[in-house]
Amino acid sequence: KVLIHSIVFAPDAVSTAYLYNDIAYNLKKNGFEVEVLSTMPHYNKVDLNKTKFHKKFLGLYYISDYKGIKVYHVPQKKYDSVLLRGFIMIYWHVLSFFLGMRIRNVDVIISPSPPLTIALVSIALAKLKKTKFIYNVQEIYPDFFVNQGKMKSQFVLKILKKLERFVYKHSDSLITIDQNFKNTLVPRMENPEKIEIIANFVDTELYHPIDHPVVNTQLFPASENLKVMYAGNIGFAQDWDPLIEVAKKTKGMPITYFVIGDGACRSWLKSEIEAHQLNNISLIDYQARESIPHVINYADLHFIFMNKKLEKDGLPSKVYTIMACKKPLLVISNKNTPLYDLLENTDAAFLIENSSNNVNEELFTVLSEALNNKDRLKQMGEKGFEMVQKDYTKEKVTEKYYNHISNLINH
């Protein structure tokens with residue numbers, strides 16, 4: 001029996017939720033009993049009427065069913081106030097611990113980061129239940145906070161670093177998503193042999209090439225322009241300055257940029273678009289998940305411009321969905337980062353190094369070439385598609401999770 005303890009799960013509309021939905025279902029399909037400890041959806045707007053939530057103890061927590069898997073949801077909200085955010089996070093940790101104690105006969109607990117503190121609850125549960133604990137490092141903390149510039153207190157940072165080492169020491173296994181992450185973690189661990197690399201993946205049943213995508217033509221009009229797109233969180237992990245600069249430089253050229261989503265940088269991006277009168281950038285709200293494959297297929301080229309301070313701390317999962325739709329990528333990131341290393345020598349992406357002094361000029365050159373050679377874009381899309389089919393389908397990667405958990409139980 002596997003207990004998945006994650007801050008997000010179905011029906012929340014965020015990449016880690018989609019990832020763990022598929023992992024949970026694959027484990028169940030392969031004969032494991034699976035239960036999930038999570039929160040009520042709170043990251044993105046979702047239609048809560050599509051899922052039946054059963055209120056327990058006057059709304060202290062809720063229960064839902066995901067494809068035959070029992071899911072416990074603790075209420076959680078996004079607050080602007082740091083104090084309220086801290087309180088609601090502590091509430092979730094405490095309540096999920098007591099709910100976890102009620103779940104019997106668990107053999108393995110698995111938790112993805114973030115947050116780092118989730119591992120403390122999972123470790124306590126694992127020790128008390130005499131079970132194994134797997135910590136899945138999707139983002140490296142506290143590095144992510146530090147590189148964002150949000151960590152001002154050296155005292156708090158020292159505590160978080162001690163917490164990080166405690167988590168690594170008391171985890172029975174660490175799963176991380178690429179070699180760069182492993183290289184970062186090895187010096188911080190007493191037993192680095194506990195690290196297993198298992199990449200993220202894409203649902204190729206949902207994301208696939210569509211010859212005639214059906215989209216909202218008011219938002220995505222039929223056009224011969226080169227359509228350059230970003231769909232996802234508009235946050236600090238990306239660098240938005242190059243988009244503004246290249247949009248200014250390509251005004252009047254048959255290129256249209258689409259940015260779809262929401263996040264901490266959306267209002268800044270909106271103000272820059274208005275200030276520079278960049279009518280070649282369309283800023284669009286999140287679209288329903290089922291329409292995203294059509295939206296991805298509508299574009300000719302998809303961009304991911306990584307913030308150089310944060311580019312080593314994560315790998316955008318959208319890279320797999322884009323390649324699964326046979327679409328090429330335009331990436332700004334340095335060498336020896338998860339994204340650059342994944343795409344280097346694949347011919348599936350235009351790669352511009354973040355450390356270059358001529359990022360904006362190189363970006364303009366790439367887009368000018370893409371505008372005049374759409375056949376090359378198709379060839380690049382084919383390369384990415386082949387890469388996904390070979391190594392990154394949900395069937396192949398969730399099988400690795402199943403084998404890893406089985407081996408851990410049997411040793």
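Student: Where is Pro 115 found?

Tutor: Keep in mind that this is a predicted model. Pro 114 has its place in the loop between β6 (108–112) and α3. Pro 115 is found there too, in the loop between β6 and α3.

Student: What is the omega of the cis peptide bond that joins Ser 113 and Pro 114?

Tutor: Let's take the two bonds around Pro 114. The one from Pro 114 to Pro 115 is cis, with omega near 0°. The one joining Ser 113 and Pro 114 is also cis, and its omega is about -10°.

Student: Is Thr 16 buried or exposed?

Tutor: Thr 16 lies in helix α1. Leaving aside its neighbours within four places in sequence, it is in contact with Val 8 and Pro 112. Buried means a relative accessible area under 20%. Thr 16 has 17%, so it counts as buried.

Student: At what angle do helix α1 and helix α14 pack?

Tutor: Two packed helices are described by the angle between their axes and the distance between the axes. Here α1 covers residues 15–29 and α14 covers residues 394–410, and their axes are 9 Å apart. The crossing is right-handed. As for the angle, it's about 60°.

Student: Which residues in α14 are met by residues in α1?

Tutor: Start on the α1 side, with Tyr 20, Asp 22, Ile 23, Asn 26 and Leu 27. By class, the contact of the two helices has six nonpolar, two polar and three charged residues. On the α14 side, the residues are Lys 394, Thr 398, Glu 399, Tyr 401, Tyr 402 and Ile 405.

Student: Which helix gives the most residues to the largest nonpolar core?

Tutor: In soluble globular proteins, nonpolar side chains tend to be buried together. The largest nonpolar core here has 64 residues, and those touching the most other members are Tyr 135, Val 319, Tyr 320, Met 323, Leu 329 and Leu 343. The helix that gives the most to this core, with six residues, is α3 (residues 118–129).

Student: What is Leu 343 in contact with, leaving aside its neighbours within four places in sequence?

Tutor: Leu 343 is one of the residues that touch the most other members of the largest core. Its contacts beyond those sequence neighbours are Val 319, Met 323, Leu 329, Val 331, Ala 349 and Leu 351.

Student: How many residues apart are Phe 220 and Tyr 298?

Tutor: These two form an edge-to-face aromatic pair, 5.4 Å centre to centre with 65° between the planes. Both Phe 220 and Tyr 298 are buried. Phe 220 sits in the loop between β9 (195–197) and β10 (226–231), while Tyr 298 is in helix α9 (residues 292–298). The pair links distant parts of the chain, and the two are 78 residues apart.

Student: Is the pair of Phe 303 and Phe 305 stacked, edge-to-face or tilted?

Tutor: Both of these residues are buried, and they form one aromatic cluster with Tyr 230 and Trp 240. Planes under 30 degrees apart count as stacked and over 60 as edge-to-face. Phe 303 and Phe 305 are 4.7 Å centre to centre with 35° between the planes, and the pair is tilted.

Student: What is the phi of Leu 58?

Tutor: Leu 58 is found in the loop between β3 (54–56) and β4 (61–66). It is exposed, with a relative accessible area of 87%. Its phi is positive although it is not a glycine, with a value of about 60°.

Key:
Residues are numbered from 1 along each chain as its sequence is written. This is a predicted model: local features need pLDDT of at least 70, side-chain atom pairs count only at pLDDT 80 or more; totals for chains, interfaces and linings use all residues. Side-chain values use heavy atoms; hydrogens and water are left out. Axes are lines fitted to C-alpha atoms, for helices over the stretch in contact, and angles run from 0 to 180 degrees between N-to-C directions. Helices (H or I, at least four residues) and strands (E, at least two) are DSSP runs, numbered from the N terminus. A crossing is left-handed if the near helix is turned anticlockwise from the far one by less than a right angle, and right-handed if clockwise. Contact means heavy atoms within 4.5 Å. Ala, Val, Leu, Ile, Met, Phe, Trp, Tyr, Cys and Pro count as nonpolar, Asp, Glu, Lys and Arg as charged, and the others, Gly among them, as polar. Buried means under 20% relative accessible area, exposed over 50%, partly exposed in between (1.4 Å probe, protein chains only). A nonpolar core is a set of buried Ala, Val, Leu, Ile, Met, Phe, Trp, Tyr and Cys residues joined through side-chain atoms within 4.5 Å. Rings of Phe, Tyr and Trp (its six-membered ring) pair if their centres lie within 6.5 Å; planes under 30 degrees apart count as stacked, over 60 as edge-to-face and the rest as tilted.
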